[in-house]
Amino acid sequence: MKNTPQITVEAEKIRLDKWLWQARFFKTRGLAAALLKAGHVRVNGVRVEKAAQCVRPGDVLTFPQAACVRVVRVIAIGLRRGPAAEAQALYDDQAPPVTREAETLISQNPRFEGKGRPTKRDRRKLDLNNSQQLE
């Protein structure tokens, strides 16, 4: 009798931390596991705290990444961590696209208006105002 390999349901699921790493959402698998352990990831609306949680094609993941919240649908299970084009084929992004205006508002550094560090010119103005008040 031959030993024929049986295809099981196991081949259709993968650990969540490994999938997030393969889909290039995180640079290392350890970063993905840390986010999971902190409880910041949801699978189909249910909070997940274990890196060993399995995901299948069709699952919807919600997690924070940088300054935005990502909502993605798992399309396929990857075999390896390949190039970016291969990684993008693993998921469908459900979040609305970020506009240029919102992107520039996030990336701008605030000038000194009572917030942030004042420039040298601003400090001189403050020093001149303080010295005039003392006279």
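Which side chains does a polar contact of 2.9 Å join? The side chains are those of Q65 and R70. The notes below start from the overall picture and come back to this pair.

1. Status and overall make-up. The model is predicted. The protein has 135 residues, and its secondary structure consists of 5 helices and 7 strands. Read from the N terminus, the order of elements is β-α-α-β-β-β-β-β-α-β-α-α.

2. Burial and surface. Buried residues make up 23% of the 135 in the protein. The accessible surface is about 10400 Å², and carbon and sulfur atoms account for 52% of that surface. Of the contacts between residues at least 6 apart in sequence, 41% join residues at least 24 apart.

3. Q65. This residue belongs to strand β5, which covers residues 60-65. Its relative accessible area is 19%, so Q65 counts as buried, the cut-off being under 20%. With residues up to four places away in sequence left out, Q65 touches F25 and R70. Polar atoms are involved on both sides: a polar atom of the Q65 side chain lies 2.6 Å from the backbone oxygen of F25, and the side chain of Q65 makes a polar contact of 2.9 Å with that of R70.

4. R70 and D93. Besides the contact with Q65, R70 forms a salt bridge with D93, with 3.2 Å between the closest N and O atoms. R70 sits in strand β6 (residues 68-74) and D93 in strand β7 (residues 91-93), so the salt bridge ties together parts 23 residues apart in sequence. The two partners fall into separate burial classes: R70 is buried at a relative accessible area of 17%, while D93 is partly exposed at 35%.

5. D17. Helix α1, residues 16-22, contains D17. Is D17 buried or exposed? D17 counts as buried, because its relative accessibility is 3% and the cut-off is under 20%. Leaving out neighbours within four places in sequence, the contacts of D17 are R29, A32, A33, L36 and A51.

6. Charged partners of D17. The side chains of D17 and R15 are joined by a polar contact of 3.2 Å. R15, D17 and R29 together are linked in a network of salt bridges. R29 is thus named twice for D17, since R29 is also among the residues in contact with D17.

7. Other salt bridges. How many salt bridges are there by this count? The count comes to 5. One of them pairs E49 with R47, the closest N and O atoms being 3.4 Å apart. Both residues of this pair are partly exposed: E49 has a relative accessibility of 48%, and R47 has a relative accessible area of 47%. Another salt bridge joins the side chains of R80 and E86 at 3.0 Å, N to O. E86 is partly exposed, with 32% relative accessibility.

8. Points to look at in the viewer. For Q65, show F25 and R70, then add D93, the salt-bridge partner of R70. For D17, show R15 and R29, which are linked with D17 in the network of salt bridges.

Technical notes:
Residues are numbered from 1 along each chain as its sequence is written. This is a predicted model: local features need pLDDT of at least 70, side-chain atom pairs count only at pLDDT 80 or more; totals for chains, interfaces and linings use all residues. Side-chain values use heavy atoms; hydrogens and water are left out. Helices (H or I, at least four residues) and strands (E, at least two) are DSSP runs, numbered from the N terminus. Buried means under 20% relative accessible area, exposed over 50%, partly exposed in between (1.4 Å probe, protein chains only). Contact means heavy atoms within 4.5 Å. Accessible areas come from the Shrake-Rupley method with a 1.4 Å probe; for residues, only the protein chains shown count as cover. A polar contact is a pair of N or O atoms within 3.5 Å; within protein, one must be able to donate a hydrogen and the other to accept it, and residues adjacent in sequence count only if both atoms are side-chain atoms. A salt bridge is a side-chain nitrogen of Lys or Arg within 4 Å of a carboxyl oxygen of Asp or Glu.
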